[in-house]
Amino acid sequence: MSSYILNHQGLCSYTLKLSGNHRNVLYKYLSTVINHTVMDSEDRHMSLTCGVVLTLRDYITIHHKLSIENTISMIDCLSDQLTYLKTHNLGYYGLNLDDILVIDDDKYIICDTSKLLNISNDKLQINCLIKPCGFSSREMEHVLELPAKVDYRCIFYSIGLLVLFSLLQKRNSNIPRCLEGTKFEWFLQRCFKENPCERQLLLI
């Protein structure tokens, strides 16, 4: 997020600087979520017209954590985005707090296209060195040789870690007692399955 301008309707026009090879996919997805989304002619910057945009890091710094309602919204939004990307044979291998934008307090978007990888036969294709992430699955941490292939559901583990941090500021996959018997416990158990093929993003 590089700049913003307040217009006469009290809305802000935010300009995002994009990187990576899949900028158009992000633009097309955002266009379905936010009405006023415009890409420049060189596909390098994208403008959003909305109320407030913060990175998830800044949002948590201000509010200290996500509420239960906002955490549910985040899970729903990220699940929708990952499902959309999977239809384009793309997936994320990990996340950082700065990769996620909180838009108008109820929309959550992964905005870093540099962490997108191609998917073939349900495997992320890792052909070059990748950036380390604050929220990574165990199998991504064990990638030692290139090229490599990792199940695309590794990102589900990352989102489980992200949810725990957003709710409780915990940075590991141990589910605390305060979540026992709640739908978050079952959600996290699905995210943290040892076998990536068995993982699900399902909150019921």
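**Exercise 1. Describe how strands β9 and β10 are joined, and place them in their sheet.**

Step 1. Strand β9 (residues 116-120) and strand β10 (residues 123-126) run antiparallel and are joined by two bridges. The model is predicted.

Step 2. Within this pair, S120 stands opposite K123 in β10.

Step 3. Both strands belong to an open sheet of four strands, ordered β6-β9-β10-β11, with antiparallel pairing.

Step 4. β6 (90-92) and β11 (148-151) are at the edges with a single partner strand each, so one side of each has no neighbour in the sheet.

Step 5. From one strand to the next, the twist averages 45°.

Step 6. Helix α3 lies across β6 and β9 and runs at about 140° to β6.

**Exercise 2. Work out the strand order of the open sheet of three strands, and find which helices lie on it.**

Step 1. The order is β5-β7-β8, and the pairing is antiparallel.

Step 2. β5 (53-55) and β8 (107-110) are the edge strands, each pairing on one side only.

Step 3. Neighbouring strands here are turned by 25° against each other on average, with direction ignored.

Step 4. Three bridges connect β5 with strand β7 (residues 100-103) in the antiparallel sense. V53 stands opposite I103 in β7.

Step 5. Helix α2 (residues 56-63) packs on this sheet and touches β5, β7 and β8. The direction of α2 makes about 90° with that of β5.

Step 6. Helix α3 lies across β7 and β8, and it runs at about 40° to β8.

**Exercise 3. Classify the crossing of helices α1 and α3, and list the residues that make the contact.**

Step 1. Take the axes of α1 (residues 23-33) and α3 (residues 68-87): they come within 11 Å and cross at roughly 130°.

Step 2. Compare this angle with the cut-offs: 65 to 115 degrees counts as roughly perpendicular and over 145 as roughly antiparallel. The crossing angle of roughly 130° therefore makes α1 oblique to α3.

Step 3. The crossing in which α1 passes α3 is right-handed.

Step 4. On α1, the contact is made by V25, L26, K28 and Y29. On α3, C77, D80, Q81, Y84 and L85 make the contact.

Step 5. Sorted by class, the contact of α1 with α3 has six nonpolar residues, one polar residue and two charged residues.

Technical notes:
Residues numbered from 1 in each chain as written. Predicted model: local features only at pLDDT ≥ 70, side-chain atom pairs only at ≥ 80, totals over all residues. Heavy atoms only, no water. Axes fitted to C-alpha atoms, helices over the stretch in contact; angles between N-to-C directions. Parallel < 35°, antiparallel > 145°, perpendicular 65-115°, else oblique. Left-handed = near helix turned anticlockwise from the far one by under 90°. Contact = heavy atoms within 4.5 Å. Nonpolar A, V, L, I, M, F, W, Y, C, P; charged D, E, K, R; others polar. Pairing = 2+ DSSP bridges.
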